[in-house]
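Visitor: I'd like to know how words such as "buried" get their meaning. Can you take me through a protein and explain what makes each label fit?

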Amino acid sequence: MTYPPPPGGWSDPAWSGQQSSPPADPASGQPIPTQPTADPYAPADPYAGGDPYAGGDPYAGMKQAGLSAPAGYPPPAYPTYGYGAPQKTNGMAIAALVLSLVGFTSCITAPVGAILGHVAAKQIQQTGEGGEGMAKAAIIIGWILTGLLVLAILFYVGIIVLAITQSSSSSSY
């Protein structure tokens, strides 16, 4: 880029305009080569020709745009864009699953876990949190254990009733 000559045709030695020729090297008298004018930080054209289905470096686009892994680190094994933060897991779903599983040893917590599983499933549906699988597992395990508990209670009640009727009928003779 050249600047217009100063007004009046005079030359100002302090004027910082661009020189018409490159400065000469004082040692050899040869002109000093100038720096390239292309911007090395300008992004490459992503729509330049080429076969998009051809094999090659999957990170070539990142490298052309000046994006690369820091020195000493390998490139990422997966694209780092398009993924959000990890999904939060519903705490009630975790508690429901724990209570349902504890129901194996203390039968009373299984129905509580199943009910909490239903509440957690509804919360997950409304809020979009994670833990849907845990809530379903708590519901299934909790109700199965509750059903087995009810069957066991009915079995013991039947045994007791049978024992009472047998003892009263045998003592009458």
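Guide: Sure, let's begin with a definition: buried means under 20% relative accessible area, exposed means over 50%, and partly exposed is in between (1.4 Å probe, protein chains only). A bit of background: this is a predicted model, where local features need pLDDT of at least 70 and side-chain atom pairs count only at pLDDT 80 or more, while totals for chains, interfaces and linings use all residues. Residues are numbered from 1 along each chain as its sequence is written, and side-chain values use heavy atoms, with hydrogens and water left out.

Visitor: Why is E129 called partly exposed?

Guide: Its relative accessible area is 22%. That falls between the two cut-offs, so "partly exposed" is the label that fits.

Visitor: And what makes K88 exposed?

Guide: K88 has 58% relative accessibility, which is over the upper cut-off, so K88 counts as exposed.

Visitor: How do you know that E129 and K88 form a salt bridge?

Guide: A salt bridge is a side-chain nitrogen of Lys or Arg within 4 Å of a carboxyl oxygen of Asp or Glu. For E129 and K88, the closest N and O atoms are 3.7 Å apart, so the pair passes the test. E129 sits in the loop between α3 (109-127) and α4 (132-171) and K88 in the loop between α1 and α2, so this pair ties together parts that are 41 residues apart in sequence. As for the general idea, side chains of opposite charge can pair when their charged atoms come close.

Visitor: How many salt bridges does the structure hold?

Guide: Two. E132 and K136 also meet in a salt bridge, at 3.7 Å from N to O. Both lie in helix α4, four residues apart, about one turn of the helix. With a relative accessible area of 48%, E132 is partly exposed.

Visitor: What counts as a helix here, and how many are there?

Guide: Helices (H or I, at least four residues) and strands (E, at least two) are DSSP runs, numbered from the N terminus. By that rule the protein has four helices and zero strands, and its elements run α-α-α-α from the N terminus on.

Visitor: How do you know that the length of α2 agrees with what a helix should span?

Guide: The expected span is 1.5 Å times one less than the number of residues. Helix α2 (residues 91-102) has twelve residues and should span 16 Å; its end C-alpha atoms are 17 Å apart, which agrees. The 19 residues of α3 should span 27 Å, and the ends of α3 are 26 Å apart, which agrees too.

Visitor: Which residues of α2 are buried, and why say they line one face?

Guide: They are A93, A96, L97 and S100. Seen down the axis of α2, they fall within an arc of 95 degrees (taken from the directions from the helix axis to the C-beta atoms), so they line one face of the helix. In general, an α-helix has 3.6 residues a turn, so residues three or four places apart point the same way. A95 also lies in α2, but at 32% relative accessibility A95 counts as partly exposed.

Visitor: What makes N90 a cap for α2?

Guide: A side-chain oxygen of N90 lies 2.7 Å from the backbone nitrogen of M92, at the N-terminal end of α2. That fits a polar contact: a pair of N or O atoms within 3.5 Å, where within protein one must be able to donate a hydrogen and the other to accept it, and residues adjacent in sequence count only if both atoms are side-chain atoms. N90 is in the loop between α1 (60-64) and α2. At 1% relative accessibility, N90 counts as buried.

Visitor: What does N90 touch?

Guide: Contact means heavy atoms within 4.5 Å. Setting aside residues up to four places away in sequence, N90 touches A120, Q123, I124, E129 and G130.

Visitor: Why is T109 called buried?

Guide: Its relative accessibility is 16%, below the lower cut-off, so T109 counts as buried. T109 lies in helix α3, and its side chain reaches the backbone oxygen of L99 at 2.9 Å.

Visitor: And F104, buried or exposed?

Guide: Exposed, at 55% relative accessibility. F104 is in the loop between α2 and α3, and beyond four places in sequence F104 touches I141 and L145.
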